[in-house]
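Trainee: I would like to go through the reasoning behind some of the labels used for this model, setting each value against its cut-off.
Mentor: Then let us begin with the structure itself.

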Amino acid sequence: MKIVMIGPVYPYRGGIAHFTSALAEAIAGVGHEIKIISFKRQYPKFLYPGKSDRDPSAEVRQVKADFILDPLYPGTWNKARQEIVKFEPELVVFQWWTTFWAPAYGSMARGLKKAGIKHVFLIHNVLPHEVRPWDRPMAQYALSTADTFLTLSESQQIIVNRMFPQARVEIAPIPVYQVSAGIRMDQDEAKERLKIPAERKVVLFFGIVRPYKGLKLLVAAAGKLKRAGNPVHLLIAGEFWEAVDDYLKLIRDEQIEDWVTIDNRYIPNEEVPLFFSAADVFAAPYVGGTQSAAVKLAMNYSIPIVITKTVSEDLESSGYPKLEVVVPNDPESLATAIERSGNEGTTNPELTTIINEWAILTNTFSNITR
């Protein structure tokens, strides 16, 4: 089968780019012919909250792509559509995670539909985590062209069904995958390199810091544990997309300054094993969102996970052996779960019940075209 995938890949950074590249490799790996259409420019600089949208990693996952699309130049949308029509695919897959691309995607999807080419939107999030008044109509404009959707979580499937009740909606979990080689270092060595005492229990928070990820609740939980005589060391690795000073004040208020390590930057691929190898527990205290690629990275490293119900739906049925699920917005429950987790160490449990989630995704594309 010939498939076109539209979305970011290296040199762009972040979870969607990693996901698009890994999925393209999985699709090619089962014998499909794939063409990737990516971006000449992803966002204007003034709209991007991070320092840069380019990946600084020395070790990269690079796939062949045509870098055509620019969000502000409709001529590039037409050029991409013409390239797709020339390729004659049986299916076009749009990666959907932000309404910023709604004008381009909506225009292209309408052109493809007119040309008789089937397309599907692979939904990471129907709407942004922090919804603005214009997001819903923009999503409606872009997504209304499709008669089939693939979502990565049940919560997003429900939203799609509500917005487009006549559409076909498939669901598959976001897979476990590696950003780097995935080789676990010696834990004491990793802690030493991060200047964390070896005897401390390390709780890792990994990824971009945004309000919906609940880091403030994790800081509050760490304060509770210290006051109870069971302190943990918070290792916070990721770029802050909100005021870091607010977090520093909260850390001071909780009197845990000596029990927190912050690395405020995008973590290059080759450094990912260092942070996950140092961790005794991975914490995902999300109060919003739908799924977490960082959690799937933690599964790859076989780390005990504490996660809120908000993003746990596919993990609870995965068979992952070291999982604590708590209600969101509750530092007390979070603290209790962290205290229980990781006490027996990170000994690489057998994950025999975890299914081949990449196979589910690639098989879904074949099913969609039938």
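Trainee: What makes the pair Arg-227 and Glu-254 a salt bridge?
Mentor: Bearing in mind that this is a predicted model, the closest N and O atoms of Arg-227 and Glu-254 are 2.8 Å apart, and because a salt bridge asks for a side-chain nitrogen of Lys or Arg within 4 Å of a carboxyl oxygen of Asp or Glu, the pair qualifies.

Trainee: Why is this pair said to tie together separate parts of the sequence?
Mentor: Arg-227 belongs to helix α7 (residues 215-227), while Glu-254 sits in the loop between α8 (244-253) and β10 (260-263), so the salt bridge ties together parts that are 27 residues apart in sequence.

Trainee: Which of the two, Arg-227 or Glu-254, is called exposed and which buried, and why?
Mentor: Exposed means over 50% relative accessible area and buried means under 20%, so Arg-227 at 56% counts as exposed, whereas Glu-254 at 15% counts as buried.
Mentor: A separate network deserves mention here, in which Asp-263, Arg-265 and Glu-271 are joined by salt bridges that share partners.

Trainee: How many salt bridges does a search of the whole structure find?
Mentor: The search finds 16, and one of them joins Lys-35 to Asp-66, with the closest N and O atoms 2.6 Å apart. Lys-35 is in strand β2 (residues 33-39) and Asp-66 in strand β3 (residues 66-69), so this pair ties together parts that are 31 residues apart in sequence.

Trainee: Why is Lys-35 called buried, and what is the label for Asp-66?
Mentor: Lys-35 has 17% relative accessibility and therefore counts as buried, the limit being under 20%. Asp-66, with a relative accessible area of 25%, is partly exposed, because that label covers values between the buried limit and the exposed limit of over 50%.

Trainee: How do you know that Lys-191 and Asp-280 form a salt bridge?
Mentor: Their closest N and O atoms are 3.3 Å apart, and the criterion is within 4 Å, so the pair is accepted as a salt bridge. The pair links distant parts of the chain, 89 residues apart, with Lys-191 in helix α6 and Asp-280 in the loop between α9 (272-278) and β11 (281-284). Lys-191 is buried at 2% relative accessible area, and Asp-280 is buried at 8%.

Trainee: Which residues form the negative surface patch, and what makes Asp-188 accessible enough to be part of it?
Mentor: The patch consists of Asp-186, Asp-188, Glu-189 and Glu-192. Patch residues need over 30% relative accessible area, and Asp-188, which is found in helix α6 (residues 187-193), has 44% relative accessibility, so it passes that cut-off while still counting as partly exposed.

Trainee: What are the polar contacts of the His-233 side chain?
Mentor: The side chain of His-233 contacts that of Arg-200 at 3.0 Å and that of Thr-261 at 2.8 Å, and because the cut-off for a pair of N or O atoms is within 3.5 Å, both distances satisfy it. His-233 is located in strand β9 (residues 233-237), and its relative accessible area of 3% is why it is called buried.

Trainee: Why is Val-326 called buried?
Mentor: Val-326, in strand β13 (residues 323-326), has a relative accessible area of 7% and is therefore buried. Its C-alpha atom is separated by 6.2 Å from that of Ile-307, although the two residues are 19 residues apart along the chain.

Terms used. Residues numbered from 1 in each chain as written. Predicted model: local features only at pLDDT ≥ 70, side-chain atom pairs only at ≥ 80, totals over all residues. Heavy atoms only, no water. Patch = residues over 30% accessible without salt bridge, like charges linked within 9 Å, V, L, I, M, F, W, Y side chains within 5 Å. Areas by Shrake-Rupley, 256 points an atom, 1.4 Å probe, with all protein chains shown as cover. Lys, Arg positive; Asp, Glu negative; His and termini not counted. Charge placed at Lys NZ, Arg CZ, Asp CG, Glu CD. Helix = DSSP H or I, 4+ residues; strand = E, 2+ residues; numbered from the N terminus. Buried < 20%, exposed > 50% of the residue type's maximum accessible area, 1.4 Å probe, protein only. Polar contact = N/O pair within 3.5 Å; in protein donor to acceptor, adjacent residues only side chain to side chain.
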